[in-house]
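Trainee: I am new to this structure and would like to go through it by question and answer. May we begin once it is in view?

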Amino acid sequence: LPDGQRFDASGLLLTPEGGLLTVNDRGASLYRIAFRNGERAADLIRLPGLFTEAQLAPFSGEKVGRYDCEGIARDERGRLYLCEEANRWVLRCAGPAQRVERLAIDWTPVQKHFSRDDRNASFEGIAVGGGKLYLANERKQARIIVVDLDPLRVVDDFKVFPRGQGAGDLNYSDLSWFDGALFVLLRESCVVLKVDPATHEVVTEYDYRRVENDPEVAYHKQYPTGVMEGLSVDRDHIWLVTDNNGQGRLKAPKDTRPTLFKCARPDREPDAASQ
């Protein structure tokens, strides 16, 4: 950030125009990732008129604590979505200076999966595709929740596992939708799963453990669950961003900046333009 404040990147969205957006889990503002020419560094530019304090004012009397926004999505109409963890809200905004909606979704069908005593074990990722809204209930009964966007009704919920893990809890930390598939980030297992949204079948598993643990970029870890919290997928790449909770890198302990990774998809042959 320009003022050097701590930035806990949590959520990542690659827009159809090619821009990358992220969110700080210490507020509701959206930021564009602005790459510096010729440098392996980027600046964060706050987007004006989106999820501002004035737009969120109607909900201030009901909110608990600060806004803990953990994921970003965009639908076919260009509307932007944030999932807020502490209050278990989904917020939607059609564009700058537009009214922010808090979606009135009845969570009764999936209430049994919600932690009663930990507000930090709630909505950690969001994606939109095929007329559906997908939410990742992070842990303490991790679950993918599916909401039909037209009647705003829960229509499905399921769980997906990495290879060799068929029981116990998981840590879903973000979701992404691309080309008719749902991608799920599991930070504790260090994998991204490509999932068929109709059958819930895991089609492909991408293991990024070597990326996170590379000595050049590895962080001191406050928790044993891994640091990846943002995911976006395109035809040739998987993008990941860290929420390192203000911790520095092992090689540079004073450097607490999040890291953005652009990883080639091993299941795709890159074309000449993308090489």
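Trainee: In which loop is the place of K140?

Mentor: Please note that this is a predicted model. K140 is partly exposed, since its relative accessible area of 37% falls between the limits for buried and exposed. Its place in the chain is the loop between β10 (132–137) and β11 (143–148).

Trainee: What is the phi of K140, which is not a glycine?

Mentor: Most residues other than glycine have a negative phi. K140 departs from that pattern, although it is not a glycine. Its phi is positive, at about 50°.

Trainee: Where is N245, a residue other than glycine with a positive phi near 50°, found?

Mentor: N245 also has a positive value of phi, near 50°. This residue is found in the loop between β18 and β19. The strands in question are β18 (237–242) and β19 (260–264).

Trainee: How are the rings of F7 and Y31 arranged as a pair?

Mentor: A search of the whole structure finds seven aromatic pairs. In one of them, the ring centres of F7 and Y31 are 5.1 Å apart. Their planes stand at 90°, and over 60 degrees counts as edge-to-face, so the arrangement is edge-to-face.

Trainee: How many residues apart are F7 and Y31, and which parts of the chain do they link?

Mentor: F7 belongs to the segment before β1 (9–14), while Y31 is in strand β3 (residues 30–35). F7 is buried at 6% relative accessibility, and Y31 is buried at 11%. The pair thus links distant parts of the chain, and the two residues are separated by 24 residues.

Trainee: Which residue lies over the face of F114 and over the face of F123?

Mentor: The rings of F114 and F123 have centres 6.0 Å apart and planes at 80°, so they form an edge-to-face pair. F114 counts as buried at 8% relative accessibility, and F123 counts as buried at 0%. One residue lies over the face of F114 at 3.6 Å from the ring centre and over the face of F123 at 5.0 Å; that residue is R88.

Trainee: Is P162 buried or exposed?

Mentor: P162 is found in the loop between β12 (153–158) and β13 (172–178). Beyond its neighbours up to four places away in sequence, P162 touches L170, L186, S189, V191, L193 and E205. Its relative accessibility is 7%, and under 20% is the limit, so P162 counts as buried.

Trainee: Which residues are the closest to the centre of the largest pocket?

Mentor: The largest pocket holds about 1,200 Å³ of space. Its lining divides into 19 nonpolar, six polar and eleven charged residues, and β3, β4 (42–46), β18 and β19 each supply at least two of them. Of the 36 lining residues, the closest to the centre are R40, A41, P258, T259 and L260.

Trainee: Which residues line the largest cavity?

Mentor: The count comes to one cavity of 30 Å³ or more, and about 40 Å³ of space lies in the largest cavity. The lining divides into six nonpolar, one polar and two charged residues. The residues are E212, V217, A218, Y219, K221, V227, M228, T242 and F261.

Definitions and conventions:
Residues numbered from 1 in each chain as written. Predicted model: local features only at pLDDT ≥ 70, side-chain atom pairs only at ≥ 80, totals over all residues. Heavy atoms only, no water. Phe/Tyr/Trp six-rings, centres within 6.5 Å; stacked < 30°, edge-to-face > 60°. Helix = DSSP H or I, 4+ residues; strand = E, 2+ residues; numbered from the N terminus. Buried < 20%, exposed > 50% of the residue type's maximum accessible area, 1.4 Å probe, protein only. Lys NZ or Arg CZ within 6 Å of the ring centre and 35° of its normal. 1 Å grid on protein atoms, 1.4 Å probe; cavity = no way out; pocket = protein on both sides within 12 Å on 5 of 7 lines; lining within 4 Å. Points joined across faces, edges and corners; volume = space filled by probe spheres on them. Nonpolar A, V, L, I, M, F, W, Y, C, P; charged D, E, K, R; others polar. Contact = heavy atoms within 4.5 Å.
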